[in-house]
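Visitor: I am new to this structure and should be grateful for a close look at one part of it. Would you kindly take the strands and the loops that join them?

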Amino acid sequence: MCVAVPGRVVAIGNPSPISIPATVDIGGVQREIDLVMIPVATVGDYVVTHSGYGIEIIPAQRAVETLALLHGSSGD
């Protein structure tokens, strides 16, 4: 089973023609990912991450709701 999770972009590194390195915060844990598939993402955006890549920009409310479900809380 594969799981894609939302994270907030907290930093973007120097891009190259084949990579846009970035750091995302996923529930308080920072991970290194690549934004090459969504090059318009900016710091502060919420992105769905899968296998080390950002694959979609999503609204903040959707990210918060999804993280709450993953953590087993209602988010209230």
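Guide: What follows is an account of the strands, their pairing and three residues placed among them. This is a predicted model, in which local features need pLDDT of at least 70, side-chain atom pairs count only at pLDDT 80 or more, and totals for chains, interfaces and linings use all residues. Residues are numbered from 1 along each chain as its sequence is written, and side-chain values use heavy atoms, with hydrogens and water left out.

Strands, like helices, are DSSP runs numbered from the N terminus (strands are E, at least two residues; helices are H or I, at least four). Two of them pair if DSSP finds at least two bridges between them.

Let us begin with the hairpin. Strand β2 covers residues 21-26 and strand β3 residues 29-34, and six bridges hold the two in an antiparallel pairing. Within this pairing, Ala-22 is placed opposite Ile-33 of β3. Two residues lie between the strands of the hairpin, and Gly-27 in the turn has a positive phi of about 60°.

Strand β1 comes next. Strands β1 and β2 run antiparallel and are joined by four bridges; here Ala-11 has Thr-23 in β2 as its bridge partner. Strands β1 and β4 are also antiparallel, with four bridges joining them, and Pro-6 is partnered by Val-48 in β4.

Thr-23, which belongs to strand β2, repays attention. Its relative accessibility is 12%, so Thr-23 counts as buried (buried means under 20% relative accessible area, exposed over 50%, partly exposed in between, with a 1.4 Å probe and protein chains only). Leaving aside residues up to four places away in sequence, Thr-23 touches Arg-8, Val-9, Val-10, Ala-11, Gln-30, Arg-31 and Glu-32, where contact means heavy atoms within 4.5 Å.

Now to the loops. Ser-19 sits in the loop between β1 (5-12) and β2. Its side chain makes a polar contact of 2.6 Å with the side chain of Asp-34. Such a contact is a pair of N or O atoms within 3.5 Å; within protein, one must be able to donate a hydrogen and the other to accept it, and residues adjacent in sequence count only if both atoms are side-chain atoms. Beyond four places away in sequence, Ser-19 touches Asp-34 and Val-36.

Ala-41 occupies the loop between β3 and β4 (46-50). Ala-41 is buried, at 7% relative accessible area. With residues up to four places away in sequence not counted, Ala-41 touches Ile-12, Leu-35, Val-47 and Ile-57.
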